[in-house]
Amino acid sequence: MTEVTKTLCPYCGVGCGLEVSPPAQPGKATHRDSQGNPIWRVRGDKAHPSSQGMVCVKGATIAESLDKNRLHYPMVRDSLDQKFRRVSWDEAFDLITKRIQTVRFTQGPEAICMYGSGQFQTEDYYIAQKLLKGCLGSNNFDANSRLCMSSAVAGYIQSFGADGPPCCYEDLELTDCAFLIGTNTAECHPIIFNRLEKYHKRNRKVKMIVVDPRRTPTAEAADLHLAIRPGTDIDLLNGIAHLLMRWNYIDVGFIDDCTSNFPAYAEVIRHYSPEIVADRCGIDIKDLETAARYWGESQRVLSLWSMGVNQSSEGTAKVRTIINLHLMTGQIGKPGAGPFSLTGQPNAMGGREAGGLAHLLPGYRLVKNPQHRAEVEEVWGLKRGQISPHPGMTAWDMITGLEDGIVGLLWIAATNPAVSMPDLERTKAALMRSPFTIYQDAYYPTETASYAHVLLPAAQWSEKTGVMTNSERTVTLCPAFRRPPGEAKADWEIFAEVGRRLGFVGEFAFANSAEVFAEFVKLTRDRPCDMTGLSHEQLRFQGPTQWPHPDSGLEVNSQQSEIEISEEQFNNPKSKIQNPKSKRLYTNLRFHTPDGRARFGAYHSRGLAEPPDPDYPFVLTTGRLYGHWHTLTRTGRIEKTRQMHPEPFIEIHPRDAARLGISDNQLVEVRSRRSKTFFPAKITKAIAPGTVFVPMHWGALWADNAEANALTHPESCPDSLQPELKACAVQLIPVTAE
Ligand code: SF4
């Protein structure tokens, strides 16, 4: 087979297009990894609109991970101190369905929980929602996206009336001012950064502002780096707003015609004078003024953010405070401008569309909204009232639910919470108490597998066909191009088989994932994420397509590059859907709120949930490295990426290191109120005094006592329920030889 498969990189939310071809091709030497094993060839897809042929080291080396440490067969054990034994799928399904029925009838459906992943394809997400929220009556489906971007979701909903990043990647190359806050884009979203950096270098008038307590590679490229104290983002944003107002850079027409609640916001920002803000943030007044001038004098301002904003106990307020700046200056709905959250995972966006968080239903619907529940019940053929009106347990609720003994069955799929959750000692102790845990994953061993009673082998990207949506709302079909190892199955097939065995035969009578997608898109009709014009077949012919993409009623064939849509269809008054050809949302300056206006959010800064104090005088911030992905299940097994970052470390400013007598590479004991860990010191001016940085990738499988999240705490944003994984208070103790 010499065929090239066009697909999407399964790592981050940039969503780069890939072309994959078999290891052996006529006339070419067999493609091999560093150990000499044949591996698939991977290169960037030049035709993919999001990445234009570029890939980073993770995408380029993905093929090396495909066959390593795979889980091949279902396995079970009665208790965590026993060894797993191999069973057939039939036995595994039988055990799972019996257990679900027992829990359902003894403890109630709300004792059943599933914790999924932004690594799912949309079809996996959708079937999981139908099984849990529809058929079983439990809204306890949450995903690791809760730890990643749920504050962005909450912020968009509260400001615009609906979720959805309004911008597109083309805006990176059309802006006059890129404002990056809480994002190390150069390392975590490298291809987005490539596009922005090239454009910035070509256009010297374009300004780049980076807000980050660390001098990251992203900050190195900026015209202005604001190294604010952790937790002072809202002070800074309100301070910029104060100056924009004082210097009359605001767009009064836009505020009057398109927004609400401006007076309350104006009253808040009145208190953020440059003197107060510079002092709280630990920056120079001149730098604050420069940032405000760059923003105010630019025709088009684009802001980008990710985990540094979202992973906060005031994450939603931070997101809304970024959006406020765009609203007060009319910087939205036009090329090169707008607030643009960057998603972490390859299909976290698809999860949002399919309702893959505990408070959501498919089609950007909310569990709490009776009309939304009724619409979903109708498509799913359920009785009215069958979907519970109560949002389910979030990721952290499931941990406390295990502690409280109210979780009877926990099903974890495609994620590794024994590394990625906050307060890991508490998380692991809770997992130990789980009466029955199913762990469904492609890889084995992982840290979380140690806490499972049942292991189910999942087919991963490359072995199943489905769609994924990237950060700019581009939907790409990812076809299977290789067979799953052993008896591994697609996640959606596993969920559907359990559904059928529970008696929901008609509900899960799907022959393939194309049929699943076809049912899912029905639930997007006339919704902000309308995809009724998409199907697997159309995506195969048309290639990657941005939503909204409503059904035009026109036939599409392989000769057409784009669906033809008339002016009349562009301006369909039935819904608030924008021009389907548009790359941007809100170009008509009407929003999804009841009055069509975007809402200002008026917030004072609350700061960190756990600020430093005399006992724990440093702020620990955590983050990601260029070559690694999440909890190392893939990149830890790839020679090149492992060599790039072989071990964890702690960054300490030279002044702090000198004061504590810590030398470069010396082992440092890092203590928080929850645990202690050990890291070799990396002494660098890249980190501000008083702050230290540790990468979050390493779990217990890879390094002893070096888990960043052993130190972090679970205090969460009250709106998004996203934990503050980005900051906690720690003390440092140099380890000396006896
Ligand atoms: Fe993959 Fe993200 Fe790298 Fe693109 S930037 S190749 S999506 S990891």
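# A tour of the predicted model

Begin with a surface over the whole protein: about 26100 Å² is exposed, and carbon and sulfur atoms supply 48% of it, with areas taken from the Shrake-Rupley method and a 1.4 Å probe, and with only the protein chains shown counting as cover for residues. This is a predicted model, in which local features need pLDDT of at least 70 and side-chain atom pairs count only at pLDDT 80 or more, while totals for chains, interfaces and linings use all residues. Residues are numbered from 1 along each chain as its sequence is written, and side-chain values use heavy atoms, with hydrogens and water left out.

**The whole chain**

Switch to a cartoon, which should show 25 helices and 28 strands; helices (H or I, at least four residues) and strands (E, at least two) are DSSP runs numbered from the N terminus. The C-alpha trace spans about 80 × 70 × 65 Å along its principal axes. The radius of gyration is 25 Å, which agrees with the value near 27 Å for a compact globule of 738 residues; the radius is taken over C-alpha atoms, and the globule rule is 2.2 Å times the number of residues to the power 0.38.

Colour by accessibility next, and 66% of the 738 residues come out as buried, a class that means under 20% relative accessible area, with exposed over 50% and partly exposed in between (1.4 Å probe, protein chains only). Of the contacts (heavy atoms within 4.5 Å) between residues at least 6 apart in sequence, 73% join residues at least 24 apart. Colouring by charge picks out 81 positive and 83 negative side chains, and the centres of the two sets lie 2 Å apart. Here Lys and Arg count as positive and Asp and Glu as negative, without His and the chain ends, and each charge is placed at NZ of Lys, CZ of Arg, CG of Asp or CD of Glu.

**The nonpolar cores**

In soluble globular proteins, nonpolar side chains tend to be buried together. Select Ile100, Ile127, Leu131, Trp411, Leu456, Phe495 and Met531, which touch the most other members of the largest nonpolar core, a set of 62 residues. A core is a set of buried Ala, Val, Leu, Ile, Met, Phe, Trp, Tyr and Cys residues joined through side-chain atoms within 4.5 Å. Helix H3 (residues 122-136) gives this core its largest share, eight residues. Centre on Leu131 and, leaving aside neighbours within four places in sequence, you will find it in contact with Leu136, Trp411, Phe495, Val498, Gly499, Leu502 and Phe508. A second, separate core has 56 residues, including Leu237, Val277, Trp295 and Leu327.

**Helix H4**

Select residues 150-160, helix H4, where nine of the 11 residues are buried. What do the buried residues of H4 pack against? Their partners are strand S12 (301-305), helix H13 (307-310), helix H14 (315-328), strand S13 (338-341), helix H15 (348-354) and S22. Just after H4 comes Gly161, with a positive phi near 85°.

**Helix H8 and a loop residue**

Move to Ile234 in helix H8 (residues 233-246), which is buried at a relative accessible area of 0%. Apart from neighbours within four places in sequence, Ile234 contacts Glu314, Ala317, Lys318, Thr321, Tyr603, His604 and Ser605.

Then select Leu608, in the loop between strand S22 (598-599) and strand S23 (618-623); is Leu608 buried or exposed? With a relative accessible area of 18%, Leu608 is buried. Beyond residues up to four places away in sequence, Leu608 touches Pro230, Gly231, Val619, Glu724 and Ala727.

**Backbone stops**

Most residues other than glycine have a negative phi, and most peptide bonds are trans. The bond from Tyr444 to Pro445 is cis, with omega near 5°, and Pro445 lies in the loop between strand S17 (437-441) and strand S18 (454-457). The bond from Trp547 to Pro548 is likewise cis, with omega near 5°, and Pro548 lies in the loop between strand S21 (545-546) and helix H23 (567-570).

Finish with two positive phi values in residues other than glycine. Tyr364 has phi near 55°, sits in the loop between strand S14 (360-361) and strand S15 (365-366), and counts as buried at 9% relative accessibility. Leu589 has phi near 60°, sits in the loop between H23 and S22, and counts as partly exposed at 26% relative accessibility.
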